[in-house]
Amino acid sequence: MSRLLVTGREKLDGEVYVQGAKNSALPLLAATILTKGENIIFNCPELSDVEASLLILRYLGCGVKRSGKTIIVKSDNVSRFDIPDDLMRKTRSSIVFLGAIIARTGKAKLSFPGGCEIGPRPIDLHLKALREMGAIIEEKHGYLECFAPKGLNGAKIVLSFPSVGATEDIIIAACLANGTTTITNAAREPEICDLAEYLNKCGAKIYGAGEGVVVIDGVTALEGTQHTIIPDRIAAATFMACAAVTGSHVTLDGIVSSHLASIIPIFEESGCKIKSGGGRLDIFAPKRLKSMRIVRTMPYPGFPTDAQAPLLAAACTAQGTSIFVENIFENRYRHIGELVRMGANIKTEGKVAVVEGADALYGAAVEATDLRGAAALAVAGLCAEGTTSIGGVQFLERGYEDFEVVLSSLGADIKKI
């Protein structure tokens, strides 16, 4: 298995073009199942999670070609309605295929999704919504068997929590449903807007994406189109954290600054200066960060749970006490034990982590157990004395494109072995 070797205390300098958003690419690729004709998807990141979605599309009978960051999908010949267990286990986002397959074929057979063990995701919200739209769903032997022989019907769906995955699944399923579907308490993330924009280009009728209430009028058919995926705001936040812990000036190119509206103030509070405009962001970090006081993860437009781990790592050497409150996933602190091995002073109690800034971190052998935890260990390694050896690189590669190559181009001493 691969490891990352990070020798810390190197200043970063330069420019990063931020990759396309993983959390936008995955539901959008699933949605191509609904279409006839050719879809050309630009700015699609080269990640293991994306490759897992492409494997699923090919298994279902779609024609898939990739050329760099451009993916071409033709779904005219979809011939299957099942996804094997080994493909479902490759990514947590695979459940978003459920609504698409039912809408296209009238039935689906899927096992439960895999991916990072960061706590339960409420797929019960997906199942409840699809049942309200007329699907018959049975759970047997670890599989979901779903039937909607006469198609799905529009429904008024109220989500008990603004789940991103459930909102995406319902939007996709509702596009070809009979009648109108209304989602109340819908997720408002930029990735929802990106999905809706793509589907509307295909001929869907989706209104209110990015708001708390989304309305979808079902149509009879969708046609393939061209679409460019939005930049990855979590990758942007991670590279900002890398700059922050090393006292560096880094430029991010190809970003949407409004997507970072809850993240930028945290860095400014810690003493960083931020300039943004025209799709670019410059971060100028002080020699030593100040504490971040209280950071609470919340559904968008609040602070994103996916950015919590890299920022918590940055707080480990900040002057003063930072408090993190994780309100989304219950196992999002699994990287903290590894940070403590590096000299961090962190105490956790339930969903609260109290970080007392240490004078220094020290290189150590550490193991990542999830995607964002792996990024956090890399951030910590960049400011640690000596060399940090990070295992679990496969988790990092689920969400970051050429992570060590990008950081090396900025001057970091980091390599994959």
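Biologist: Let's kick off with strands S5 and S6: how many bridges join S5 to S6?

Modeller: Keep in mind that this is a predicted model. S5 covers residues 63-67 and S6 covers residues 70-74, and the two run antiparallel. Within that ladder, Lys65 sits opposite Ile72 of S6. The number of bridges joining S5 to S6 is five.

Biologist: And which residue in the hairpin of S5 and S6 takes a positive phi?

Modeller: The hairpin leaves two residues between its strands. One residue there has a phi near 65°, on the positive side, and that residue is Gly68.

Biologist: There's another hairpin, made by S9 and S10. Which residue in the turn has a positive phi?

Modeller: S9 and S10 pair antiparallel over five bridges, with Ile136 standing opposite Phe147 in S10. Two residues lie between S9 and S10 in this hairpin. The phi in question is about 50°, and the turn residue that carries it is His141.

Biologist: What do the buried residues of H5 pack against?

Modeller: H5 spans residues 123-132, and its buried residues are Ile123, Leu125, His126, Leu127, Ala129 and Leu130. Just after H5, Gly134 takes a positive phi of about 105°. The buried residues of H5 pack against both strands of that second hairpin, S9 (136-140) and S10 (143-147), and also against strand S11 (156-158), helix H4 (97-105) and helix H6 (164-174).

Biologist: Is H4 largely enclosed by the rest of the structure or left open?

Modeller: Look at who's buried in H4: Phe97, Leu98, Gly99, Ala100, Ile101, Ile102 and Ala103. Gly106, just after H4, has a positive phi of about 85°. Seven of the nine residues of H4 are buried, so the helix is largely enclosed.

Biologist: On to the open sheet of four strands. Which strands stand at the edges?

Modeller: The strand order is S11-S12-S14-S13, and the pairing is mixed. Each edge strand has a single partner, so one of its sides has no neighbour in the sheet. From one strand to the next, the twist averages 15°. The edge strands are S11 and S13.

Biologist: Staying with that sheet, what is the bridge partner of Ile206 in S14?

Modeller: S13 is residues 205-207, and it pairs with S14, residues 213-217, in the antiparallel sense over three bridges. Across that pairing, the partner of Ile206 is Ile216.

Biologist: What is the relative accessible area of Cys175?

Modeller: Cys175 is in the loop between H6 and S12. Leaving out neighbours within four places in sequence, Cys175 has contacts that include Leu34, Leu199, Ala204 and Leu222, along with the bridged pair Ile206 and Ile216. Asp217, Gly218 and Val219 touch Cys175 too. Cys175 is buried, and its relative accessible area is 0%.

Biologist: Are H10 and H12 roughly parallel or roughly antiparallel?

Modeller: Two packed helices are described by the angle between their axes and the distance between them. For H10 (residues 308-315) and H12 (residues 371-383), the axes come within 7 Å and cross at roughly 25°. Angles under 35 degrees count as roughly parallel, so H10 and H12 are roughly parallel.

Biologist: By class, how many nonpolar residues does the contact of H10 with H12 have?

Modeller: H10 passes H12 in a right-handed crossing. From H10 come Ala309, Pro310, Ala313 and Ala314, and they meet Arg372, Gly373, Ala375, Ala376, Val379 and Ala380 in H12. By class, the contact has one charged residue, one polar residue and, for the nonpolar class, eight.

Biologist: Which residue does a cis peptide bond join to Tyr300?

Modeller: Most peptide bonds are trans. Here omega is about 15°. The bond leads into a residue in the loop between strand S20 (293-296) and H10, and that residue is Pro301.

Biologist: Now Arg9, which has a positive phi although it is not a glycine. Is Arg9 buried or partly exposed?

Modeller: Arg9 lies in the loop between strand S1 (4-7) and strand S2 (13-17), with a phi of about 70°. At a relative accessible area of 48%, Arg9 is partly exposed.

Biologist: And what is the phi of Asn185?

Modeller: Asn185 lies in the loop between strand S12 (180-184) and helix H7 (190-201). Asn185 counts as partly exposed at 31% relative accessibility. Although Asn185 is not a glycine, its phi is positive, at about 65°.

How values were computed
Residues are numbered from 1 along each chain as its sequence is written. This is a predicted model: local features need pLDDT of at least 70, side-chain atom pairs count only at pLDDT 80 or more; totals for chains, interfaces and linings use all residues. Side-chain values use heavy atoms; hydrogens and water are left out. Buried means under 20% relative accessible area, exposed over 50%, partly exposed in between (1.4 Å probe, protein chains only). Contact means heavy atoms within 4.5 Å. Two strands pair if DSSP finds at least two bridges between them. Axes are lines fitted to C-alpha atoms, for helices over the stretch in contact, and angles run from 0 to 180 degrees between N-to-C directions. Angles under 35 degrees count as roughly parallel, over 145 as roughly antiparallel, 65 to 115 as roughly perpendicular and the rest as oblique. A crossing is left-handed if the near helix is turned anticlockwise from the far one by less than a right angle, and right-handed if clockwise. Ala, Val, Leu, Ile, Met, Phe, Trp, Tyr, Cys and Pro count as nonpolar, Asp, Glu, Lys and Arg as charged, and the others, Gly among them, as polar.
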